[in-house]
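Colleague: I've just opened this one and I'm new to it. Could you walk me through it?

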Amino acid sequence: MKKLSILFVSFLVVVACKNVDQFRAPIEALTAEWSKAGTAVTDAGTQVGAVVSSLTALQDSMMIDPALKLKPATVTTLDSLKNTFMAQVQGLGNLSTEITGFSEKWATMTAEVDALSTGLKEGKLEGDVMAKINELKTSAASATSMIDTWNSSTMSAKEAAMKAYDSFKQTLMAK
């Protein structure tokens, strides 16, 4: 009887390991995709922060010296250009907040990816593993799409802000 029990337990261990092995390739692919997307999320946040910093540094130079005695139409134009510039900086600030919120969700989902990797290594995966893998793959694909949008929005806002800044400086110099 003891031999039968040992044989049965051995059979269960082999079956359990084979069951886990069927998820090896999908989990490893997910982990690689997740890592790449995670780096891109971090890079997008860093890029937005850098652009906001550089634009904020320019903001102080957009002051209108009252001693210049500019025409009201020129002051109106300068104010409009400064407002355009500031709207772009504010939009980038909102984008930064969005990325930060997404990064917090990303950290939670990263724990789920890590749990799958750990479960694979330990030979213990629970629940509907394939559904979880598919859900996380969808999240990684969604993140990649969002990153493209964030990067595009960052560059567009930077270009618009710099155009307004350059116009402000040209208008101020022309008096």
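**Salt bridges and a buried serine**

Modeller: Sure. Let's start with a pair of charged side chains: K132 and E135 meet in a salt bridge, with N to O at 3.4 Å. Keep in mind that this is a predicted model.

Colleague: Where do K132 and E135 lie?

Modeller: Both K132 and E135 sit in helix α4, which covers residues 129–174. They are three residues apart, or about one turn of the helix.

Colleague: And is K132 buried or exposed?

Modeller: In between. K132 counts as partly exposed, because its relative accessibility is 25%. E135 is partly exposed too, with a relative accessible area of 44%.

Colleague: Which residues do salt bridges with shared partners join into a network?

Modeller: D21, R24 and E28 are joined into one network that way. D21 and R24 meet through their side chains, 2.9 Å from N to O. R24 also forms a salt bridge with E28, where the closest N and O atoms are 4.0 Å apart.

Colleague: How many residues apart are E28 and R24?

Modeller: Four, and both are in helix α2, residues 24–59. That spacing means about one helical turn separates E28 from R24.

Colleague: What about exposure for those three?

Modeller: D21 has a relative accessible area of 39%, so it is partly exposed. R24 is partly exposed at 33% relative accessibility, and E28 is partly exposed with a relative accessible area of 45%.

Colleague: How many salt bridges does the count come to?

Modeller: The count comes to four salt bridges. Among them are the K132 and E135 pair, the D21 and R24 pair and the E28 and R24 pair.

Colleague: Switching topic: where is S139, and is it buried or exposed?

Modeller: S139 has its place in helix α4. S139 is buried, because its relative accessible area is 18%, and the cut-off for buried is under 20%.

Colleague: Which residues is S139 in contact with, leaving aside neighbours within four places in sequence?

Modeller: S139 is in contact with W34, W106 and M109.

Colleague: Last thing, what is the mean pLDDT of the chain?

Modeller: The mean pLDDT of the protein chain is 89, and 89% of its residues reach 70 or more.

Colleague: And where does pLDDT stay under 50?

Modeller: Over residues 4–18. For that stretch the model has zero contacts beyond four places in sequence.

Definitions and conventions
Residues numbered from 1 in each chain as written. Predicted model: local features only at pLDDT ≥ 70, side-chain atom pairs only at ≥ 80, totals over all residues. Heavy atoms only, no water. pLDDT = per-residue confidence, 0-100. Contact = heavy atoms within 4.5 Å. Buried < 20%, exposed > 50% of the residue type's maximum accessible area, 1.4 Å probe, protein only. Helix = DSSP H or I, 4+ residues; strand = E, 2+ residues; numbered from the N terminus.
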